[in-house]
Structures are given as structure tokens and as C-alpha cells.
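Q: I have a model open here and would like to go through it with you, topic by topic. Can we start?

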Amino acid sequence: MKLLVVGGGPAGVAAALQARELGADVTLLEAGQVGGTSLNRGPAPVRTLARAARLARDWSSWERFGLEGSRPVPDLESVLANCARVARFAHGKKDLAGHLRHQGIVLAEHLGPIRFTGPHTVCAGDGRSWRADRIVVAVGCRSARLPVPGGDLALTYQDIWTLKALPKEVTVIGGADTGCQMASIFADLGAGVRLIEAGPRLVPGADASISAALGQAFEAKGIELITGATVQALERGSDNVLIHVTCGGPAEQVDAEAVFAAVGWPANLQNLDLDAAGVTSNPRAIPVDDYLRTNVGHIYAAGDVNGLYKLVQTARLEGRIAAWNAVRGVTRQFEYDVVPTGSFTDPEYGSVGMTEDQAASGHDIAVGIARYDDLVRPVADGHPDGFCKLIADRHSQAILGAHVLGEYSAETVQVVATAMRAGMNVEQLAEMQFAFPTFTEAVSMAAQKACRAIGIGCFPPAWSYLGSEE
């Protein structure tokens, strides 16, 4: 069987490797450099940038630990060069392209736009064409431009790498994950930051407790938050950008040296010519069924392009499942109930499973919250602000979700995700022995509190708490 994978990001690479493992004749086509946004422009280099910002932030706690020294001054050129170094890691030391070819995959990179010419055929701008029995589309997404007059004056996170100096004043439009990450990074690097969100709270998809605590933390570090606001237009000023914004009343004008927009992540469909293959799409994604098939049975869509869960970890597994179904027949479905996520904000937040509101709508729930300032390790590290929240079903004792805010949140929430996937109940999680003193102790503490709320396990108040039970 000949399988063609269009797009060399996490989903496309995983699909190609899986199909090859199953014995298919695989060709992988990539418009730019294999690795996609996650390695080349997105999470890998952005996480490196967030690390630099976090190190700059930690200067404020030196005195508490008996350390002296002046505040570090970010050299943006060097900071961005280090981010580029990490982006090159997969291509230099790991040789991603070489690994794919070593596995017997035909890899074609730097092709530019690739388009369908029929249900089984695609071509590149240089005239080359390819034909296959099955096709996996994994072309990913891009940052949406701000859809208002003057919207082209707003930069996106991809433009960070082109900056020559750190802006003194930054306005970020969009308070979901990406917008909050940018606002947090710029603030920790020393810029004045304003964050504008159309909805009533930040990260609207997160648990309400995460949204509230993140907003409080942002305001405490000096970020100006404007929620329930609509940006109507941008305008070029003499040496800044003017932002026309309304909160339901008359429009007001604010300004910033640089404006960044994080207002959506639509699929890269503009050059695919899906009509030539008969594939149905909408402006933001390619709809798929439970087996990741499009409306054309031999064409699959995996990763961000299908609009289901726009996460690297999900894209990788979707790529494998799409390849499996394409080569072996449609037998595998993707399960989205346990998908841990983590942020690059300061403070970090991580989540898995249902939010408290979602869980309460269909379950009789118990909630346990372990606060970081009641645990030894966060206090010892000088980062006592945060919490781990665990949600369980009172009757089945099933773990329904977890939401963590504070240092190492993205790592801590993985523990709960593993427990959920393993089918552990909340009492079993409460009995787990976690190393002391660690941030992950919060998981066991929150589980014990949930058990006490349910009335199971006979757990006494944990000795590890420095504060009260409440």
C-alpha cells in the first residue's frame, strides 16, 4: 500500500513512522522544514523563551534567600538566539530528517504550497506530483490575523523571533492560552503589559479557579487586564500603535509600542485545493469522524488541522491512529477524555479531564484542594502561591479532573493523568506515596481531602500541612 502524508509536523511525522512500521510504502511531503510549528517556531522555542523570562523573574526573590546582585538585563538578541538553538536541536543533534529517511520513508522538504489535483493525487509548485492509495493530511494551523481595520499592525507570536529590541510597552489582544503566555513572558522580561480579552475571564476554556487565580497573579505582577472588551480598530501612531477598544460603551483609545494578537488558530487550508479531492472543510478545520476520516473515505486528517484538540501530544497520537486506520482498516478511535495540558505562563497552569463546572453538570462531585502554601517544597522554593484541585465522583470514586496552578504545574498534572488512564480511583490515588518534599505531594493531599469530603478512607489531616486543614 502507498501512503502519502501531507505535512511534516508532529501528526505527520508520527503518521509516517507508524505507517512505515506497519509495512506501507510511505512518502512524507513538507512545505517547509520537517518538524512543524512545535519544533521550529512554537512550543519548543517559546518554552525556552519562557525559561529566560522565568530566570529574570527569579531575581526578585534573591534577597529572601540571602543573595545579592543587580537585576539581570535581558539581551534580547542573545535570548532569541538561545531559543533558535533549541529549535535546531531536533534537526542537528537528533537529525529528524535523517531518522525518517533511515526508516525508509521518502521525505521531500521545502516544497512550498502543496495542493490536491484529484482524490488520490497532489502536486507541488515545482511541478512534481505524487499518487497514493491513502492520504493523511496533517498540515497544521497558523496564527489568525486580527480581523479589524488596521489588524495587520498587530504581530503574532511568530513575529517575536524578528524583534530587535524588547518593547517597553506591549498590548496583547486575546486572553486564551497563547495570549496569556505572551503577556507573561513580556512582563517577566521587564516590559509594561496590557492584556485585552473579549470574554469575561482569562483562559475561558480552563477551570474557573485557574482563570481567577491567573488573573490575580497577572495583576499582582503589574499586568493591566481588560476583560469583556472588543478591539474595533488599530491605527499607526507617530511612534506607537493606537488601539480603539470598547467595553460595551463608547470606544476608548489606548496605545502601545507593540501589539500582539492571539485571536485564533485556523487550519492551513488556503492552498490545499481540497475541492479537487472532494474533501469537505470549513474556514477553520477539516471535519473528521471518530476514525479521523474525512468525508472521502481514503483521506484522513490528523493533528491541529481537524480542529479537535490543538495540542502536540494529541497530534502525535492522532497521527498514529490515522496511519493505523489507513493501513490496517478502520478499527481505532481516539479517546479525548484524558488529555493533560500545560502552559508556559508565570504562574504555570496544567489541567486534565473535566472542569468543576463540567463535572458538576453530570456528577455528584467532591472537590479536594491542596494549597501550595500548606506544603513544604513550594514554601522552601519561595513559590508558595498555587494549588492542586482534584475532582472526583462521590459514588464511583472516579477521578474526573485535576487543575493545578503554580510552579511545575504542567509536570504535576501528568501524575493525575496517568492515574486516570490507569483507572485508579481517588482513594487509591490518596494512598500513593509521593517523595517528600515535592510539588507532586499536592496530588495526594488533594486526593485525601476529596476522600474526606466523600467520607471514605478515614484519612486524618495530613501532617505535611504547614497550615490549617481549610
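Q: How far is the sulfur of C247 from the closest cysteine sulfur?
A: The closest cysteine sulfur to that of C247 belongs to C180 and lies 16 Å away, which is too far for a bond. Please keep in mind that this is a predicted model, in which local features need a pLDDT of at least 70 and side-chain atom pairs count only at pLDDT 80 or more, while totals for chains, interfaces and linings use all residues. Residues are numbered from 1 along each chain as its sequence is written, and side-chain values use heavy atoms, with hydrogens and water left out.

Q: OK, and how many disulfides does a search of the whole structure find?
A: The search finds zero disulfides, where a disulfide is a pair of cysteine sulfur atoms within 2.5 Å. C180 is accordingly in no disulfide, its nearest cysteine sulfur being that of C247.

Q: Is C180 buried or exposed?
A: C180 counts as buried, because its relative accessibility is 0%; buried means under 20% relative accessible area, exposed means over 50%, and partly exposed is in between, with a 1.4 Å probe and protein chains only. C247, by contrast, counts as exposed at 51%.

Q: Switching to the backbone: which residues does the cis peptide bond with omega of about 5 degrees join?
A: That cis bond joins D346 and P347. P347 sits in the loop between strand 16 (341-342) and strand 17 (349-353), where strands are DSSP runs of E with at least two residues, helices are runs of H or I with at least four, and both are numbered from the N terminus. P347 counts as buried, as its relative accessibility is 12%, and its C-alpha is 8.3 Å from that of S184, although the two residues are 163 apart in sequence.

Q: And where is P437?
A: P437 is in the loop between helix 12 (426-430) and helix 13 (441-454), and the peptide bond that leads to P437 from F436 is cis, with omega near -5 degrees.

Q: What about phi, which is positive in D273 at about how many degrees?
A: In D273, which is not a glycine, phi is about 55 degrees; this residue lies in the loop between strand 14 (258-261) and strand 15 (299-301), and at 36% relative accessibility D273 counts as partly exposed. L292 is also found in the loop between strand 14 and strand 15, and although L292 is not a glycine, its phi is positive at about 70 degrees. L292 is buried, with a relative accessible area of 1%.

Q: Now the charges: how many salt bridges does the structure hold?
A: The structure holds 18 salt bridges, each being a side-chain nitrogen of Lys or Arg within 4 Å of a carboxyl oxygen of Asp or Glu. One of them pairs R47 with E348, with 3.1 Å between the closest N and O atoms. R47 lies in helix 3 (residues 43-57) and E348 in the loop between strand 16 and strand 17, so this pair ties together parts that are 301 residues apart in sequence.

Q: Is E348 buried or exposed?
A: E348 counts as buried, at 4% relative accessibility, whereas its partner R47 counts as partly exposed at 30%.

Q: How far apart are the closest N and O atoms of R57 and D58?
A: They are 2.6 Å apart in the salt bridge that R57 forms with D58, and R57 is buried, with a relative accessible area of 14%.

Q: And what separates R377 and D381 in helix 10?
A: About one helical turn, because R377 and D381 are four residues apart in helix 10 (residues 376-381); their side chains meet in a salt bridge, 2.9 Å from N to O. Both are partly exposed, R377 at 23% and D381 at 27%. Elsewhere, salt bridges that share partners join R47, R54, R57, D58, D188, K221, D346, E348 and E407 into one network.

Q: Last one: which residues form a negative surface patch?
A: E169, D239, D255 and E257 form that patch, for which like charges are joined within 9 Å among residues with over 30% relative accessible area and no salt bridge. Asp and Glu count as negative, and each charge is placed at CG of Asp or CD of Glu. D255 lies in strand 13 (residues 252-256) and is partly exposed, at 40%.

Terms used. Patches are made of residues with over 30% relative accessible area and no salt bridge: like charges are joined within 9 Å, nonpolar side chains (Val, Leu, Ile, Met, Phe, Trp, Tyr) within 5 Å. Accessible areas come from the Shrake-Rupley method with a 1.4 Å probe; for residues, only the protein chains shown count as cover.
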